[in-house]
Structure formats: structure tokens, C-alpha cells
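Hi,

Here is the structure I said I would pass on. Have a look at it first, and then read on for what turned up when I went through it.

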Amino acid sequence: MRAILYDTFGGAEVLSLKDTDKPEPGPGDVRVKVVTVGVNPLDYKRRYGWVEQFYPTTFPAVPGLEFAGVVDALGDGAGSTFAVGDEVFGLTRTGAYAEYALAGDIAHKPAALSFEAAAALPVAGETAQRVLDELGLAQGETLLLHGAAGAVGQVAVQFAVARGATVVGTASPANHDFLRTLGAVPVAYGAGLADRVRAAAPQGVDAVFDAAGHDALPVSIALRGGTTDRIVTIADMTAAEHGVPFSAGGTPSEQVRAYLAAHARLAVEGRLAVPVVETFPLADAAKAQELSEAGHVRGKLVITV
């Protein structure tokens, strides 16, 4: 099969398209023919070796966590839930930037959900749901969300608004009108952020979700009155220095699969949107990661295999 591989940490230049062996399904495994792949900031962070304490790498490595595709083969004992030919989406154990992958946590893809849209859901949906639950965000509370226009941020806005919370979302001015359509109160990041948040939320901030990084934690702590309570980041690797938890997963598999099915239903019903802003062929995976790394992507980048 063809796959994107890298055998050392570094920039996008370490990625190359190569022929390699198909992963073989063992007992209980599901192998999928990958159709589409969601690109995430975690992909380039892992490529640089920045998150080894959370996601250790074995070389040669295939990037990518989330995919949509078709079940291709089943290991012994794997046929009770999925059958060859089923359209599925979710997470992979062997890397998604490849023609074939062994599934991790997956769910059936609704026929009404495109492969591109399905590949955009797993990471953003699970991450947003997990962090809002960790924060204990409830109806009537105010959430400060850094990086509200990114894929995780957009989903978090939609979930938080659905809970009855007020969302103050940081983003570049070009994304403010878009965030208003999701129900957020947008504010520009940068110097003077604390004053702008206080003006947008005179009632105060009950919880902070940092999906952006970029030194958002000190101002977040200040806006929480000097406490680190109810602040979570998924983007700032210096979190421990500030006494803030870094959320890196750990959701039980059964819960992840339930999230996948629920989020797919919401997407089909038009109650959850994760726009796909650009698609790339597998051979251009490095370009996709470079665009992701540059930031300011409103939605998801997707690779078609």
C-alpha cells in the first residue's frame, strides 16, 4: 500500500510517500480501506516530537488519527459489530495517512454523511466534548474559549451553546462574523485581551478552554481571579508551569464510540457543523500539514486517499 511515512522528527520535509506493507488484522481487529483523513494540529506536533510524553512515536511512523473509510478485512472474532463493506469512521491505531489502517475506536458512518464530513468529526468532537465535561460547564455559565474558529473551537462553541452557556471566543477579526453565526461572542486576541473579555462578559468567566496556546494561560488565570481552577488547555505544552491541566485524551473506548455515533447523528440532523475548508491528495500531505501549522484555518483540512 501507499502511505505517508517519517523516520525522524522535523519539519514537513521529513514526510514522504512510500510503498509499505498493509497492516494485517489480528484477533478482534478491523482493517479499513481509508477514503478520507482529517488533518489535526496534533499531526505536526507529533512530527516535531513535541508531545512524546503523551503520544510516544515508533519509527517509521504513519501520521494521522482520524479517518473515514470502508471495512476491508476482519480479524478473528471481529465480525459481531462490523462487516466487510461497512462504511465507518473514527480513530486508527496504525496511522491514517495510508491506503489501509487498523481501526481503533470506530462507528458506522451514516449514508447521509459524506466521507469528507465524517473524517472531520472524530477528533474535534471527542476533544470538545471531553474538555467541556472536564470543566463541568453548565447552563447559565460563561466559557472563555481561546481559538474558537478552529475545528475543535467551533465544535466546542456549538456544544457549549447547546448546554445553555455563554461563549466568549477569541479569534482574528476576520472570523468574528462567522463565530456570531455559531452563537459565540467574539473578541480579538492579542494585547488588551483581558479588557476586551471583561467588556464582553461583565458577569465574569466561569471556565476557560484553551484550544489555541500562544501564551493564553496567564491572561486566563487573571480572568479567573488568579485561580487555575476550571482552566484546561489542549494546546499549551507549558501548562504544568502554570498549574493548569493539559488534556490529552484518556476517554474510555466505549465512551468514544458513543460520542462518534452521537456526533454523526447531530451532523446529519444539521445540529453540528465542522466545515471542510480544503482537501488534498495523499501525495500533498506535507502541504496540508504546513497549512495546519501556519494556523488561521477555519474548520478542517482533509486528505483524500
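Let me start with a pair of helices. The axes of α3 and α9 (residues 253-268) come within 10 Å of each other, crossing at roughly 115 degrees. Angles from 65 to 115 count as roughly perpendicular, so that is the label for α3 and α9. Their crossing is right-handed. On the α3 side the contact is made by Pro122, Gly125, Glu126, Gln129 and Asp133, while α9 brings Val256, Tyr259, Leu260 and His263. Sorted by class, the contact of α3 with α9 comes to four nonpolar, three polar and two charged residues. Do keep in mind that this is a predicted model, so please read everything here in that light.

Next, the sheet that α3 sits on. Five strands make up an open sheet, in the order β9-β8-β7-β10-β11, with parallel pairing. At the edges are β9 (185-188) and β11 (231-233), each of which pairs on one side only. On average, neighbouring strands in this sheet are turned by 20 degrees against each other, direction ignored. If you want a spot to zoom in on, try β10 (residues 207-210) and β11: they run parallel and are joined by three bridges. Asp210 stands opposite Thr233 of β11 there.

Two helices to look at against this sheet are α3 and α6. Helix α3 (residues 122-135) lies across β7 (142-146), β10 and β11, and runs at about 150 degrees to β10. Helix α6 (residues 193-200) also packs on the sheet, where it touches β7, β8 (166-171) and β9; its direction makes about 160 degrees with that of β9.

Now to another part of the chain, with antiparallel strands. Strands β3 and β4 run antiparallel and are joined by eight bridges, with Gly38 opposite Glu66 in β4. From β4, five bridges lead on to β5 (residues 87-92), again antiparallel, and here Ala68 stands opposite Phe89 in β5.

Helix α1 (residues 41-48) is worth a look too. Which of its residues are buried? They are Leu42, Asp43, Tyr44, Lys45 and Arg47, and they pack against β3 (30-39) and α10 (285-294). After α1 comes Gly49, which has a positive phi, near 85 degrees.

On the α10 side, find Ser292, which is located in that helix. Its relative accessibility is 12%, so Ser292 counts as buried. Leaving out residues up to four places away in sequence, Ser292 touches Val39, Asn40, Pro41, Tyr44 and Leu301. Tyr44, you will remember, is one of the buried residues of α1.

One last residue: Pro63, in the loop between α1 and β4 (66-74). Is Pro63 buried or exposed? Its relative accessibility is 4%, so Pro63 counts as buried. With residues up to four places away in sequence again left out, Pro63 touches Ile4, Tyr6, Leu15, Gly95, Ala96, Tyr97 and Gln289. To get a feel for how this loop relates to the parallel sheet, compare Pro63 with Ala171: they are 108 residues apart in sequence and 28 Å apart in space, C-alpha to C-alpha.

That is the tour. Shout if you would like to go through any of it together.

Cheers

Technical notes:
Residues are numbered from 1 along each chain as its sequence is written. This is a predicted model: local features need pLDDT of at least 70, side-chain atom pairs count only at pLDDT 80 or more; totals for chains, interfaces and linings use all residues. Side-chain values use heavy atoms; hydrogens and water are left out. Two strands pair if DSSP finds at least two bridges between them. Helices (H or I, at least four residues) and strands (E, at least two) are DSSP runs, numbered from the N terminus. Axes are lines fitted to C-alpha atoms, for helices over the stretch in contact, and angles run from 0 to 180 degrees between N-to-C directions. Contact means heavy atoms within 4.5 Å. Angles under 35 degrees count as roughly parallel, over 145 as roughly antiparallel, 65 to 115 as roughly perpendicular and the rest as oblique. A crossing is left-handed if the near helix is turned anticlockwise from the far one by less than a right angle, and right-handed if clockwise. Ala, Val, Leu, Ile, Met, Phe, Trp, Tyr, Cys and Pro count as nonpolar, Asp, Glu, Lys and Arg as charged, and the others, Gly among them, as polar. Buried means under 20% relative accessible area, exposed over 50%, partly exposed in between (1.4 Å probe, protein chains only).
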